[in-house]
Structures are given as structure tokens and as C-alpha cells.
Amino acid sequence: MMNKKKTAIYPGSFDPLTNGHIDIIERAMDIFDQVIIAVLHNPSKKALFTMDERVKMIKQSFNGDKCVLVDSFGGLLVDYAKMKDAVAIIRGMRALSDFESEFQMALMNRKLNKDVQSVFLMTGFRWIFTSSSIIKEAAQFGGDISDMVPEAVHLKIMEKYPKSAQ
């Protein structure tokens, strides 16, 4: 019997992708054969980057690694996971404050599709304070965020906020 490839979905807005996200993805790649980075289309959130820009930056950040696929989706995550034949949804957690909402989402996803597991990975200590919104705010006011995001993301942020190029 041939082993089935184990695929996990790592969903998020990734506006922008951070090194904290990269940390979670790299650790997920140690567990799963393939990780699909699924960029969520959320019309209720005002994004800095377009969907296409986010997908492109993520692809550039992984340089065509065959274990990482980048896609976008809208709708129910469990439906997307089923469509992609995924066995798990990866979620990164920075602090206790993330737990309650993540736990509720995991329970709902489990109710909607019991075949897809939720896997929580704790953010590495180095990235515990990092979030996309904090990075955008720091960049907007000229803060050096070059060590908090992949190079492709940093270059794109500098285009949006030229002040951050100082």
C-alpha cells in the first residue's frame, strides 16, 4: 500500500508574511509532506497588499520549494481543506490571548469536518512580539523591520512606505 501524501493548510491573511509565519511554515514542513499557504480573501479587512501581491511575495520567499504551495481562497476553510485533500490546518499561536479564538475556530472546524485536524504550533520566542499589523505600523513610521520579514516582503513594504527605506 502506498503512503498517502500528508498535506496541511496554513491559512491567513499574510498582509504581509513575517518571519514568524516562516518559522511556523518551516516547522510544519518537518511534520507534513506538503504545506499549502492559503491566503484568505477577507473583504471585511482593509489590506495593505493586494491578494496577487501577497501570493507573489510568499512564492518569492520560498523560492519554488516543492513542499510549499501558495494559493488563495474564500469561503469555509474546511471546505477548502477537503478540496485540497488536506489532513490538517496549521495555526500559529503567539500568546495565551490567541488561544481562546483559535480554540473556538478549531472546534467549529472539527464539527464541520471531523477528518481535518487542527495543529497548533507555538511561535518561536524570537517572533513572539511580531505580527503583520505591528510590522506595518513600524514600517509606516520609518522603523527598521528588515530582520522581521523576508527580503521580498521588505522590498515591497519599502515601496508602500518609502520612509522605511531610511
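What follows is a conversation between a trainee and a mentor about a predicted model.

Trainee: Why is Asp23 counted as buried?

Mentor: Its relative accessibility is 16%. Buried means under 20%, so Asp23 counts as buried. Asp23 is found in helix H1, residues 19-31.

Trainee: What is Asp23 in contact with, leaving aside its neighbours within four places in sequence?

Mentor: Asp23 is in contact with Thr123, Gly124 and Trp127.

Trainee: What makes the approach of Asp23 to Gly124 a polar contact?

Mentor: A polar atom of the Asp23 side chain lies 3.1 Å from the backbone nitrogen of Gly124. The cut-off for such a pair is within 3.5 Å, and 3.1 Å satisfies that distance.

Trainee: Now strand E4, residues 88-93. How do you know that E4 is mostly covered?

Mentor: Five of its six residues are buried.

Trainee: What makes E4 and strand E5, residues 117-122, a pair?

Mentor: Two strands pair if there are at least two bridges between them. E4 and E5 have six bridges, in the parallel sense, so the definition is met. Ala88, for instance, stands opposite Gln117 in E5.

Trainee: What makes strand E1, residues 7-12, a partner of E4?

Mentor: E1 and E4 pair over two bridges, also in the parallel sense. The requirement is at least two, so two bridges are enough. As for single residues, Ile9 has Ile89 in E4 as its bridge partner.

Trainee: Which elements make a β-α-β unit, and of which hand?

Mentor: The unit is made by E4, helix H4 (residues 96-112) and E5, and it is right-handed. That word applies if, with the strands pointing away from the viewer, the path from the first strand over the helix to the second runs clockwise.

Trainee: How do you know that the length of H4 agrees with its number of residues?

Mentor: H4 has 17 residues, and at 1.5 Å a residue they should span 24 Å. The expected span uses one less than the number of residues. The end C-alpha atoms of H4 are 25 Å apart, which agrees.

Trainee: Which residues of H4 are buried, and what do they pack against?

Mentor: The buried ones are Asp98, Glu102, Ala106 and Asn109. They pack against helix H3 (77-83), E4 and E5.

Trainee: Why does Glu102 count as buried?

Mentor: Its relative accessibility is 8%. The limit is under 20%, so Glu102 counts as buried. Not counting residues up to four places away in sequence, Glu102 touches Arg91, Met93 and Phe120.

Trainee: How many aromatic pairs does the structure hold?

Mentor: There are three aromatic pairs. One of them is Phe73 with Tyr80, whose ring centres are 4.8 Å apart and whose planes are at 25°. Centres must lie within 6.5 Å, and planes under 30 degrees apart count as stacked, so this pair is stacked.

Trainee: What makes the pair of Phe99 and Phe103 stacked?

Mentor: Their ring centres are 5.2 Å apart and their planes are at 20°. Both values fall within the limits, so the pair is stacked. Phe99 and Phe103 both lie in H4, four residues apart, about one turn of the helix. In general, an α-helix has 3.6 residues a turn, so residues three or four places apart point the same way.

Trainee: Are Phe99 and Phe103 buried, exposed or partly exposed?

Mentor: Phe99 has 36% relative accessibility and counts as partly exposed. Phe103 is partly exposed too, with 38%. Partly exposed lies between the limits of 20% and 50%.

Trainee: And why does Phe73 count as buried?

Mentor: Phe73 has 7% relative accessibility, so it counts as buried. Tyr80 is buried as well. Phe73 has its place in strand E3, residues 68-73. Beyond its neighbours within four places in sequence, Phe73 is in contact with Pro11, Ala38, Val39, Leu40, His41 and Tyr80.

Trainee: Which residues are buried in helix H6?

Mentor: In H6 they are Ala152, Val153, His154 and Ile157. These pack against helix H2 and helix H5 (132-140).

Methods
Residues are numbered from 1 along each chain as its sequence is written. This is a predicted model: local features need pLDDT of at least 70, side-chain atom pairs count only at pLDDT 80 or more; totals for chains, interfaces and linings use all residues. Side-chain values use heavy atoms; hydrogens and water are left out. Buried means under 20% relative accessible area, exposed over 50%, partly exposed in between (1.4 Å probe, protein chains only). Contact means heavy atoms within 4.5 Å. A polar contact is a pair of N or O atoms within 3.5 Å; within protein, one must be able to donate a hydrogen and the other to accept it, and residues adjacent in sequence count only if both atoms are side-chain atoms. Rings of Phe, Tyr and Trp (its six-membered ring) pair if their centres lie within 6.5 Å; planes under 30 degrees apart count as stacked, over 60 as edge-to-face and the rest as tilted.
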